[in-house]
Amino acid sequence: MSQQPYRHAAENPSPHDHNDKKNITEKNATDYWRANLRLLATLLVVWFTVSFGCGILLVDWLDQFTFFGFKLGFWFAQQGAIYVFVALIFIYAWRIQIIERQFGVDDDAEEESL
Amino acid sequence: MSTQLLTYLFVGASFALYIGIAIWSRAGSTKDFYVAGGGVNPVVNGMATAADWMSAASFISMAGIISFMGRDGSVYLLGWTGGYVLLALLLAPYLRKFGRFTVPDFIGERYYSKTARIVAVICLIFVSFTYVAGQMRGVGIVFSRFLEVDVETGVIIGMAVVFMYAVLGGMKGITYTQVAQYCVLIFAYMVPAIFISIMITGNPIPQLGFGAEVADGSGISVLEKLDTVLIDLGFGAYTEGSKSTIDVFAITAALMFGTAGLPHVLVRFFTVPKVSDARKSAGYALAFIAILYTTAPAVASFARLNLVDTVHNTSYEQAPQWFSNWENTGLVEWQDKNNDAVMQYSAGIDNEVTIDRDIIVLANPEIADLPGWVIALVAAGGVAAALSTAAGLLLVISSSVSHDLLKQTLMPAITEKQELLFARIAAAVAVCIAGLFGIYPPAFVAQVVAFAFGLAAASLFPAIVMGIFSKRINKQGAIAGMLSGLIFTFFYILYFKFVSPQLNNAEHWWLGISPEGIGFIGMLLNIGVAFVVSRLSPPPPAEVQDLVDDICIPSGAAVAHSH
């Protein structure tokens, strides 16, 4: 089996160049975007909850709990939220790639064009 | 070997490394100069972004600020990291798909308007110069304390090094030197942090030591002890805040949205090969940043505790060695008010010890009695943090001048070769201006940090995000929005920081929001105005709506970019 991506065949325009419009259907693009917005909304709710929620608005209430020697609210404000931030970005990168492949709008085959 | 000699050796070796990298990675085209050719590996770019982001303020000042602010200091921790989530989710992938060279490029094209581009350039230059002034001062501080040269000489040496790699190498040179600088700075930050954590808690991981018990057999935790000690001295408890919740909320939001709108950070995501790399790269960047940002609050608490322990009620005769070392720089002062030759430290008027927050990190190795090479390492780390950020800022200033002002607006006829020459000249001029700021620091440097984040949050961030997520926002809306956010934020800060500083307190602030946090309100204003004005004027032309459709789809970035 040839390792060449199919797009090099002349009769099959690449899905990864200016022919995008012909290959990616209108419906795929819209569905992809909707799925993306849903994922973004979920992750941003978590982002807001750990930082503005646990670290600022609820900090005094959470401080009644102890977590590894910290007051819980204080821990979120100075440690926890930052760990969650890092996780959120990697979760987004991972989930959105699955969604992209599902709708055929991924950029998987683009490395060799550089 | 003396500490002095070691410091010369470490700082000298790091400079040689940076210049070596600069020569190896000279820029040959405008694409090399602006976006490092567009082929940077996401992990490498993540590391470069981390060094770009972590400035003299993060390395030298942040732990000190938290040390004296306690829980209120979390505005910086949350604000300066949370912005990366927004960057990775809402900005970086789309800007990468757009695939041009600068942030004003995006605003100019998306809003089909030279005016919008110029407004963006003005914001960018203002924000970046504010920021760069602080970096050069950081270089000056490090040089004067550790190398015992004049601040002027220090700044000039720093300028010469930045000149070498920013002017020759452009983004390409900067990217690879920043990778080296990240390694130097994180190593330099962690080594003393680990030692001081072991000294105070017996736990080598500062993030865990932070919550652990003090290693004196008393069984109470670091934070409990700190609370008790500080309350005894008349300060507020370390783990409780003194700012109002609304102000903490607004400052954190302004710093977060500002971070996500800072041009020197955004432009780093133009350098990776494809859209998925931009997302991963932001993740790596924040992971590399988080190593320092989760260590800083631990260092802050250890240092404050140690400070009280070693200084308070100690006779001046027996003051620790670091105390007299730093007295020479004027960053530590002792005034024997009650003439008992003993140093008293407290929150009241009888306090005799004044400590500049900047020394918390710089004096850490001495406070923890670490060997000379660690002190030398911290000096090299401080310089690396300041230079890496300065270079990133100078690059966005020069590319916005050569690309957005000259090529795209005033002199569209210039060739690529001329544009590259102008970029280098602009970088050289910017280095000189930054150097002047370092040698003659304007008295208002500390005051204007609020400007950099506030203005980025109120102008650039909303304009970019709305441009990506709404097809309906048109040029009238975007320009009106940016200007209203910008002007509102600018005058609010100007009023409280410069016109009537005596009124700068919670009683007079609007809604109880300090000038540091007002950028958040400016951002909401920007969004509101942009929506209303866009509704009242015609929608953007079809080709702009197509552009928005196009940047939403990840595929095709590499091909579009190579044209």
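**Helices, an interface and confidence**

Student: Is the crossing of α1(B) and α17(B) left-handed or right-handed?

Tutor: The hand depends on how the near helix is turned from the far one: anticlockwise by less than a right angle is left-handed, clockwise is right-handed. Here α1(B) and α17(B) make a right-handed crossing. Helices are DSSP runs of H or I with at least four residues, strands are runs of E with at least two, and both are numbered from the N terminus.

Student: What am I looking at, and how is it labelled?

Tutor: It's a predicted model, where local features need pLDDT of at least 70 and side-chain atom pairs count only at pLDDT 80 or more, while totals for chains, interfaces and linings use all residues. Residues count from 1 along each chain as its sequence is written, with chains lettered from A and ligands numbered from 1 in the order written.

Student: At what angle do α1 and α17 of chain B pack?

Tutor: Axes are lines fitted to C-alpha atoms over the stretch in contact, and angles run from 0 to 180 degrees between N-to-C directions. Helix α1 (residues 3–24) and helix α17 (residues 372–410) of chain B pack at about 35°, their axes 8 Å apart. On the α1(B) side, the contact residues include B:Leu6, B:Phe10 and B:Ser14; those on α17(B) include B:Trp373, B:Ala380 and B:Val383. Contact means C-beta atoms, placed from the backbone, within 7 Å.

Student: Which residue classes make that contact?

Tutor: Twelve are nonpolar, four polar and none charged. (Nonpolar is Ala, Val, Leu, Ile, Met, Phe, Trp, Tyr, Cys and Pro; charged is Asp, Glu, Lys and Arg; the others, Gly among them, are polar.)

Student: How many residues of chain A are in contact with chain B?

Tutor: On chain A, 42 residues contact 43 of chain B. The A side draws at least two residues each from α2 (26–57), β2 (70–71) and α4 (72–102), and α4(A) gives the most, 15. By class, this side has 26 nonpolar, eight polar and eight charged residues.

Student: What is the order of helices and strands in chain A?

Tutor: Chain A has four helices and two strands, running α-α-α-β-β-α along the sequence.

Student: Which elements of chain A have the lowest and highest mean pLDDT?

Tutor: pLDDT is the predictor's confidence in each residue, from 0 to 100. Chain A averages 76, with 75% of residues at 70 or above. Among its elements, helix α1 (residues 20–23) has the lowest mean, 51, and α4(A) the highest, 90. Over residues 1–19 of chain A the pLDDT is below 50, although this stretch has 22 contacts in the model beyond near neighbours in sequence.

Conventions:
Two residues are in contact if their C-beta atoms, placed from the backbone, lie within 7 Å.
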